[in-house]
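Colleague: I would like to go through one part of this model slowly with you, after a brief look at the whole. Please say what each term stands for as you come to it.

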Amino acid sequence: MKTEVFVNTFPLLSTASPQTIEWLLNIATEHNYPSRRAVLMEDAWGNAVYFIVSGWVKVRRTKGEESVAIAILGRGDFFGEMAVLDESPRSTDIISLSQVKLLSVSRERFIQILFKDPQLHHRMLQLMVRRVRQINLRLQMRLSPPAVKLAHTLVSLADNYGQESDSGKKILNIPLKDLAEVTEITLDETTKIMEKLQEKGWINIDPANNTIDLINYKQIVVLATKL
């Protein structure tokens, strides 16, 4: 991957020095996974930081035999940094939702990079704080109507990982069960709301390409802000 493409893909690296970028590219290991494959199991956390070059994954919390999707990540995001920094065991897995390409940097080398590049260190702190704010917003929305919560999830996914298209914004056709769990509403509510949005012409689900087109994106944003 070229240096310029690497920087443009990952917001985390927007303030990193050219030397840091070159070093990351030289030491990173590439991984490719098909859809619905366990990318990282809970007992492997803490070994490396992973960068999503392409594709979508879900973060899944497992307790006993039950598992729940708690987040969905896409191109340009990263995971594994918390376990690297605090060295604590994790109870979450990473599962691919589509074909995924990742780059990994070992724990030791990533920590070296943070010490060498204070701008990268600061940028990581900024993004981690943003994640905390997103969690706080989700907590504030717990009493919001299911349609508002689901619209917020769709907008968040589109803003963070979506692609611009002629009809609006395009995201992965995420399984309804995962969409429901991340939004913290029932599967039945999710199914009915998605059907309603499709009937209104606000979204179009394209099974052939495994995508959801947010056609009336502005209206979905309006719905998502009705806290």
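Colleague: What percentage of the 227 residues of the protein count as buried? After that, please take a close look at the open sheet with the order S2-S7-S4-S5 and at aspartate 77, in the loop that follows S5 and leads to S6.

Modeller: Of the 227 residues, 44% count as buried, where buried means under 20% relative accessible area, exposed over 50% and partly exposed in between, with a 1.4 Å probe and protein chains only. This is a predicted model, in which local features need pLDDT of at least 70 and side-chain atom pairs count only at pLDDT 80 or more, while totals for chains, interfaces and linings use all residues. Residues are numbered from 1 along each chain as its sequence is written, and side-chain values use heavy atoms, with hydrogens and water left out.

As a setting for the sheet, the protein has nine helices and 12 strands, which are DSSP runs numbered from the N terminus (helices H or I of at least four residues, strands E of at least two). The radius of gyration, taken over C-alpha atoms, is 18 Å, which agrees with the value near 17 Å for a compact globule of 227 residues, the globule rule being 2.2 Å times the number of residues to the power 0.38. Along the principal axes, the C-alpha atoms fill a box of roughly 50 × 45 × 35 Å. Among the contacts (heavy atoms within 4.5 Å) with a separation of 6 or more, 71% come from residues 24 or more positions apart.

Now to the sheet itself. Four strands form an open sheet in the order S2-S7-S4-S5, and the pairing is antiparallel; two strands pair if DSSP finds at least two bridges between them. Strand S2 (38–40) and strand S5 (66–73) are the edge strands, each with a single partner strand, so one side of each is left without a neighbour in the sheet. From one strand to the next, the twist averages 40°, with axes as lines fitted to C-alpha atoms and angles from 0 to 180 degrees between N-to-C directions. Strand S4 (residues 57–63) and strand S7 (residues 92–96) run antiparallel and pair over five bridges, and valine 57 stands opposite serine 96 in S7.

Strand S7 also holds aspartate 93, which counts as buried because its relative accessibility is 2%. The side chain of aspartate 93 makes a polar contact of 3.2 Å with the side chain of threonine 62. A polar contact is a pair of N or O atoms within 3.5 Å; within protein, one must be able to donate a hydrogen and the other to accept it, and residues adjacent in sequence count only if both atoms are side-chain atoms.

Beyond edge strand S5 comes your second residue, aspartate 77, in the loop between S5 and strand S6 (78–79). Aspartate 77 counts as buried too, because its relative accessibility is 12%. Its side chain is joined by a polar contact of 2.6 Å to the side chain of arginine 131, and a further polar contact, of 2.4 Å, links aspartate 77 with the side chain of tyrosine 161. Leaving aside neighbours within four places in sequence, aspartate 77 is in contact with Phe10, Tyr50, Phe51 and Ile52, as well as with Arg131 and Tyr161.
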